Every structure is written in structure tokens, then in C-alpha cells.
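Colleague: I am new to this structure. Please take one part of it and walk me through it closely, and tell me how it sits in the rest of the chain.

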Amino acid sequence: MSLLLSELKIGNFYVKNRIVMPPMDMYETQVLDGKINQFHLIHYGARALGGVGLIIVQACAINENAKIADNDIGLWGDFQIQGHKELVDLCHHFGAKVAIQLNHSGRKNSCKQAISKAPSNIAFSEKFSKLHVLSKDEILQIEQEFIQSAKRAKEAGYDAIELHSAHGYLLSSFLSPLSNQRDDEYGGSFENRARLLCDIIKRIKKEVDITLFVRISATEWQEGGWNLEDSKKLALILENLGVDMLDISAGGNTNKPSLVPNIAPLYQAPYAKALKEVVKIPISCVGLINSASEGEALLLGEVCDLVCYGRKLLRNPNFTNEAAVALNEREKITPNYSRAYLQNNTKSF
């Protein structure tokens, strides 16, 4: 039996395989109300039907001014819950577990009328030059909005929540000493810069009681910025707070970082492996992973516990079936599609 197609317990549920559709923004709301629509149902439903074990739905704004772009989805109001429930029910029907990534865009809000929110007066780039430095009261309000959105996510039936603390969005920008130069309890020391993220986690664990993931950028690829050693330290803290899975990515907080690695298949795998060595909770790996054999090798090498196939699943919603062929587990092909994978039809696999 392959590891890629084997089940895994995360928090309080099992996924049927280790194939993950990571959060990828689709920018498809049609009237700027943040509501799930037919596109999202078909887009995510197709991947669930195709056999993906875990789907993490794209970045979902916690308030109307927290969107990355005008056409983002949201969970800032009760009126949005029903659409999410329909999406979750559809994916559950086909056997997938579903998480929702909650996010505040922070310094990287590209909506037409946006003013980006930031921990300090340091813009991400000229494109995001309209900046507002958050007061303590505003930070506490944003914390509360994360909690309210988490409660709506649970009401919609999601199996898990992922806090987006990567790629330079709000929670990520608080972590970095380059973007956070506050002199209050939210800035300065490592503990202070991690305070907002940790406070949100504590409240979700206490008030919402749902499986919780956190996505982090293992490094921002910039001298003097957030780095892998910081991430190791944070990973231990998050594990102790009860986080159930860490979703490991990199970059995004610095506009033109000077330490960018060679962007090639599996280029982020070393970050996942380094963090898996310091925590016991599951770790997911991202970064141009394109084949079943690559995913299986990552799992066999104890690089990670789950494998994220982003672009691959955009290209092919039925990748899991092809993985079953490649890993000699044809019995795991979605039955309705098994005729497409007869021996004489799969030479290209």
C-alpha cells in the first residue's frame, strides 16, 4: 500500500488519502458580496469527485475590507454561511474533507478602493501605498472578526479552519521584524510579534472547538527577516497551543527578496522537512509537486505527512485516479471513471 493513498488522522477526523488541494484564490464572486457561487461548487466539487482527500478552500476574508481582491469570497456575515454549507455538503458527498482558509489581506489589499492595514507604516510596495497603521483597538477588533468567521465556518460544516499566516498578509506581516516595528505589546520581541496569531488560536480552540491548521511562510527570503529558525520556534509554540496541522510555504512578505531560492519542483520540501523534525503534528508540503511518485517519495522520506498538489489539480481534477494507477492501487480509482483507466488506456501514466 502506498503512503500517498493511505488515510491519516488530523485533529478529530481522518482523510482518506494524503493528497491535498491547497488554497488557491479564484477571484470568482460576481457581485462583490463574497458569496459562494456555482463556480466554486463546480470547481471544488470536481476535485472532491476526483478523489482528493483534503480540500482547503481559498483565502476567505474575515471582513469586507480584508479581501485580497474585490472578487474574493468571505465569511464576514451570516448571509454567506448557506453558500459555504452547500459547498461543504457537496464535497463531503464525494468523500473529501474540507477546510476553509481564513485571512486578512493586511498590507496586500488590491481592491479598487482599498486602504491596506498594517502593523507599522511600512508598505509592501508602491502598489499598496495607501496604508493604515492599526491601533490596538483595531487589532482587537480584527481578532474578534477571525473568531466570528471561525464560528460561521463551523456552522457551515467545515472540518477544519486554516489561519493564513503566510505570504505577507496581515498575520504574517505581524510576525516579521521587517514589516512589524511596533513598540507596544504587538511588536518588538518574538513573543510580541506572534501575539496576535497566538491569541486568535487560543480563542478558536476555546470558543469554536474545531480542527485548526496554520499556514506559515517558513522564511521570507530576506536578510534580517523572518527565517527558518523563527519558524521552528513558532511551530513548537503552535503545537503546544493545540494547532492540529502546519501548512508550510515560503516567501511573500518582502516585495523583492534577495534570498529567493531556485524555483524548481520540490523547492520548498526542505522547509517542510526541517519543521517536521521539531513537531509531532502533521506537516503539509507545497511547491511545484507534479507526480504521484514525487509525493510518495516525500512521504517515504519523512519530509511531510500530506502533499499539496496545487497547479497539478488545476490542470487535472482527476489526478488522484492517475496516482492510483501509478502506485498500483487501481481499486482506489473512482468507480464511475474506472473504464478510463483500463490497462491499454494508461500507457502515458
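Modeller: One term comes before the close look. Two strands count as paired if DSSP finds at least two bridges between them. Keep in mind, too, that this is a predicted model.

The part I pick is strand β11, residues 245-249. How is β11 paired with β10? The two strands run in the parallel sense, and five bridges join them. One point of that pairing is easy to find: S217 stands opposite S249 in β11. β10 itself covers residues 211-217.

Now look at how well β11 is covered. Buried means under 20% relative accessible area. By that cut-off, five of the five residues of β11 are buried. Which residues point to which side? M245, D247 and S249 lie on one side. L246 and I248 lie on the other. Both faces are covered.

What lies around the strand? Start with helix α8, residues 269-276. Its buried residues are A269, Y271, A272, A274 and L275. They pack against β11 and against β10. The buried residues of α8 also pack against α7 (228-240), β12 (283-285) and α9 (292-300).

Helix α7 deserves a closer view, through L238. Is L238 buried or exposed? Its relative accessibility is 0%, so L238 counts as buried. Set aside its neighbours within four places in sequence, and L238 is in contact with L197, C198, I201, V214, V243 and L246. Of these contacts, L246 takes us back to β11, where it is one of the buried residues. L238 can also be placed against a residue further along the chain: V279 is 41 residues away in sequence. The C-alpha atoms of L238 and V279 are separated by 9.5 Å.

For comparison, turn to another strand, β4, residues 54-61. Eight of its eight residues are buried, so the rest of the structure largely encloses β4. It has parallel partners as well. β4 and β6, residues 97-103, are joined by seven bridges. There, the bridge partner of I55 is V98. Strand β3, residues 19-21, runs parallel to β4 with two bridges, and M21 has I55 as its bridge partner. Two bridges also join β4 to the parallel strand β5, residues 73-74. In that pair, A61 is matched with G74.

Next comes helix α2, residues 81-93, where I81 sits. I81 has 8% relative accessibility, so it counts as buried. Beyond residues up to four places away in sequence, I81 touches L75, R152, E155 and A156. The C-alpha atoms of I81 and A156 are 5.7 Å apart, though 75 residues separate them along the chain.

Finally, step back to the whole chain. It holds eleven helices and 13 strands. Buried residues make up 59% of the 349 residues. Among contacts between residues at least 6 apart in sequence, 70% join residues at least 24 apart. Why does the chain fit a compact globule? For 349 residues such a globule would have a radius of gyration near 20 Å, and the chain has 20 Å, which agrees. Its C-alpha atoms fill a box of roughly 65 × 40 × 40 Å along the principal axes. The exposed area is about 14,300 Å², with 49% of it supplied by carbon and sulfur atoms.

Conventions: Residues numbered from 1 in each chain as written. Predicted model: local features only at pLDDT ≥ 70, side-chain atom pairs only at ≥ 80, totals over all residues. Heavy atoms only, no water. Helix = DSSP H or I, 4+ residues; strand = E, 2+ residues; numbered from the N terminus. Rg over C-alpha atoms; globule rule 2.2 N^0.38 Å. Buried < 20%, exposed > 50% of the residue type's maximum accessible area, 1.4 Å probe, protein only. Contact = heavy atoms within 4.5 Å. Areas by Shrake-Rupley, 256 points an atom, 1.4 Å probe, with all protein chains shown as cover.
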